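Let's take a walk through this structure together, starting with the overall picture and then moving in on one sheet. Have the sequence and the 3D view at hand.

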Amino acid sequence: MPSTPREAPGPVPSSPPSAPIAGAGNSGQDLGLSRLRPVLPSPLLPVEDERFARHGVTLLLKRDDLIHADLPGNKWRKLAPNLRAAAGRPVLTFGGAYSNHLRATAVAGRLLGFRTVGVVRGDELAHRPLNPSLARCAADGMRLHFVDRGTYRDKADPRVLAGLLSAYGECEVIPEGGSNALAAQGCTELGRELRGVADVAAVACGTGGTLAGLAAGLAPRQRALGVPVLRGGFLGDAVRDLQREAFGGPAGAWSLDDRFHFGGYARTTPALHAFADDFEDRHGLPVERLYVAKLLYALTELAGEGAFPAGTAVAAVITGRPDGSGGTQSSDSSR
């Protein structure tokens with residue numbers, strides 16, 4: 001398994017235990033996440049936008065990006081139950097070179113005092129200067145382990161996992177993007193927070209964990225809409241698999257619209273950037289480009305197509321914020 005580990009200098013600071021993790025089930029394990037004071041439920045804000053209003057549609061912004069300064073959006077909802085399961089053990093997880101999931105895991109490790117290992121796709125990155133995203137992971141104490149792309153594709157293979165655990169010892173393994181049954185269960189609270197206030201709850205999707213839980217948490221007459229940011233048409237099967245693992249079978253009404261990936265993950269176009277700039281000017285919302293911009297663009301197009309009957313309230317889940325580099329880099333398959 002070609003790889004090169006890197007570590008941040010110095011010890012990872014620890015945090016004292018506090019109250020149980022908010023929204024992460026009823027286990028008595030106390031890891032101190034609630035001491036970080038998450039904003040839950042996240043704010044739900046109506047916006048006046050004539051592109052929706054002319055069709056009788058109300059647009060709401062579910063500001064999950066405001067849950068926590070360091071662990072915003074679906075990162076909090078997906079990581080909290082997984083960290084409770086880890087019970088303070090080291091966490092090993094996976095991501096690409098600009099993975100928000102890796103960054104969130106690293107900062108959680110620093111704040112809460114557990115060791116983190118990030119398996120990064122692309123062994124060609126091992127001997128290059130770290131990009132700002134990976135540098136932040138390393139500064140938060142994450143051990144970076146670079147693997148070639150073939151090995152990364154096989155990351156769920158027991159032999160690959162055994163090799164990683166042999167190198168790093170006993171760890172709680174969290175999949176790419178944090179999307180597993182626990183994460184889907186954690187995201188049901190997002191759906192519950194939207195009960196009675198929206199007919200459609202829409203979210204940009206990478207690995208499908210947020211959509212799987214969102215749909216499960218909604219009331220019977222509501223539906224969830226996922227906007228994939230990757231090409232390939234694989235996400236439907238992934239969501240169904242996650243719901244089967246998390247809830248025993250299908251849960252809630254959901255659908256996908258695959259037309260708005262703009263070429264695939266981390267791909268953007270001048271038209272998408274122009275749309276995001278305009279949305280920022282209209283509403284004062286910093287728009288992350290790789291997920292949130294694609295979601296908002298999709299909803300604007302769907303409203304214009306008449307996909308939402310007059311009187312529909314649509315809640316757009318704002319899962320992240322620009323990362324400070326112009327909003328052009330964000331998470332890797334993390335939602």
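Counting up the secondary structure, the chain has 11 helices and 11 strands; these are DSSP runs numbered from the N terminus, with at least four residues for a helix (H or I) and at least two for a strand (E). Keep in mind that this is a predicted model, where local features need pLDDT of at least 70, side-chain atom pairs count only at pLDDT 80 or more, and totals for chains, interfaces and linings use all residues. Residues are numbered from 1 along each chain as its sequence is written, and side-chain values use heavy atoms, with hydrogens and water left out.

Of the 335 residues in the chain, 54% are buried, meaning under 20% relative accessible area with a 1.4 Å probe, protein chains only. The chain exposes about 13400 Å², and carbon and sulfur atoms supply 51% of that (areas by the Shrake-Rupley method with a 1.4 Å probe). Take the contacts (heavy atoms within 4.5 Å) between residues at least 6 apart in sequence: 76% of them join residues at least 24 apart.

Now for the sheet. Six strands form an open sheet with mixed pairing, in the order E2-E3-E11-E8-E9-E10; two strands pair if DSSP finds at least two bridges between them. Strands E2 (44-47) and E10 (253-256) stand at the edges, and each has a single partner strand, so one side of each is left without a neighbour in the sheet. From one strand to the next, the twist averages 25°, with axes fitted to C-alpha atoms (for helices, over the stretch in contact) and angles running from 0 to 180 degrees between N-to-C directions.

At the E2 edge, E2 pairs with E3 (residues 58-62) in the antiparallel sense over four bridges. Val47 has Leu59 in E3 as its bridge partner. Over by E10, helix H9 (residues 235-247) lies across E8 (200-205), E9 (223-228) and E10, running at about 155° to E10.

Methods. Buried means under 20% relative accessible area, exposed over 50%, partly exposed in between (1.4 Å probe, protein chains only).
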